[in-house]
Amino acid sequence: MLDRLKSVLKARFGSAPALTEAPKGVEVLAEMANRRVVRRYSDRPLDPALLDTLCAVALSAPSKSDLQQADIVIVTDKAQREKLQALIPENPWAAAGPALLVFCGNNRRHRLLFEWRGRPFVNDHLDPFFNAAVDAGIALATFIAAADRVGLGTCPISQIRNQAAQVADVLGLPQHVFPVAGLGVGWPSFEGVMSPRLGLDVSIHRDRYDETGLREKVEAYDRRRNETQPYKTQRFVEKFGEDAGYGWSEDKARQYSVPERADFGAFVRARGFKLD
């Protein structure tokens with residue numbers, strides 16, 4: 001299993017740490033490193049009790065100062081699914097599985113504790129929003145890991161935030177509660193595809209942040225990714241033309257050449273947050 005773990009990590013990152021002894025849980029580590037995004041699901045039904053159990057596991061994850069500021073909205077009702085799908089038509093897989101989850105940051109409960117005691121909420125600045133968003137992100141990642149363990153497929157959907165105000169209305173989210181990401185969930189109809197990642201020497205730092213040779217490392221990643229998982233199409237060809245060496249860095253530069261979620265800050269402020 002140590003060889004399998006190292007093989008999976010090499011496939012993902014182009015290299016693997018020089019482990020010489022298998023750590024405890026090496027089988028689980030190998031499975032986690034080998035995880036795939038799944039956007040196509042079978043017709044097999046999903047037991048609501050299993051979904052609730054996975055949510056409970058996800059909400060067992062660490063929470064900033066035990067504030068418990070992550071909520072999960074399980075959307076299975078057909079009408080609700082259709083309303084959400086209409087807001088994110090570019091993500092057909094959001095409607096493909098038996099359930100769509102929306103992970104939310106919730107600073108409302110924390111504030112209510114002060115209201116119930118007649119005390120002023122003195123930390124009304126960026127940190128409460130940030131803490132709630134991070135809690136929701138940790139719960140999302142933990143749910144994905146738990147779903148993988150039981151054989152379910154998942155696909156995170158950040159486009160939920162493209163229409164954040166409308167999503168909040170559909171879900172009935174009150175002030176100081178906001179959507180962070182959606183998650184399609186279902187039994188996979190295929191094994192999914194591994195996405196190669198930037199080299200470990202780009203993302204892991206020792207003692208201090210280090211960008212030495214970053215451009216060359218990113219270019220090497222572009223070449224490695226094109227060898228293993230080349231892009232099938234190029235974004236915005238009418239604006240940028242065809243690129244013979246089109247890779248991850250060009251794709252991301254093109255993706256973010258168009259404004260995206262520029263109104264999210266206004267939405268968050270309308271939810272009652274101060275972002276000073």
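**A friendly note on helices 2, 3 and 6**

1. Let's start with the pair of helices: the axes of helix 3 and helix 6 lie 8 Å apart, and the two pack at an angle of about 130°. Please keep in mind that this is a predicted model.

2. How should that arrangement be named? An angle of about 130° is neither over 145 degrees nor within 65 to 115 degrees, and helix 3 and helix 6 are therefore oblique to each other. The crossing in which helix 3 passes helix 6 is right-handed.

3. If you would like to look at the contact itself, helix 3 brings Leu-51, Leu-54, Cys-55, Val-57 and Ala-58. On the side of helix 6, the residues they meet are Ala-139, Thr-142, Phe-143, Ala-146 and Ala-147.

4. Helix 3 spans residues 48-58, and its buried residues are Leu-51, Leu-54, Cys-55 and Ala-58. Viewed down the axis, these fall within an arc of 100°, so they line one face of helix 3. Their cover includes helix 6 (126-149) together with strand 1 (70-75), strand 2 (99-106) and strand 4 (177-186).

5. The N-terminal end of helix 3 is worth a look too. Asp-47 caps it, with a side-chain oxygen 3.0 Å from the backbone nitrogen of Ala-49.

6. Finally, helix 2 (residues 26-33) has Val-26, Ala-30 and Ala-33 as its buried residues. Around the axis they cover an arc of only 70°, which puts them on the same side of helix 2. Among the elements covering them is helix 1 (2-13).

Terms used:
Residues are numbered from 1 along each chain as its sequence is written. This is a predicted model: local features need pLDDT of at least 70, side-chain atom pairs count only at pLDDT 80 or more; totals for chains, interfaces and linings use all residues. Side-chain values use heavy atoms; hydrogens and water are left out. Buried means under 20% relative accessible area, exposed over 50%, partly exposed in between (1.4 Å probe, protein chains only). Helices (H or I, at least four residues) and strands (E, at least two) are DSSP runs, numbered from the N terminus. The arc is that of the directions from the helix axis to the C-beta atoms. Contact means heavy atoms within 4.5 Å. A polar contact is a pair of N or O atoms within 3.5 Å; within protein, one must be able to donate a hydrogen and the other to accept it, and residues adjacent in sequence count only if both atoms are side-chain atoms. Axes are lines fitted to C-alpha atoms, for helices over the stretch in contact, and angles run from 0 to 180 degrees between N-to-C directions. Angles under 35 degrees count as roughly parallel, over 145 as roughly antiparallel, 65 to 115 as roughly perpendicular and the rest as oblique. A crossing is left-handed if the near helix is turned anticlockwise from the far one by less than a right angle, and right-handed if clockwise.
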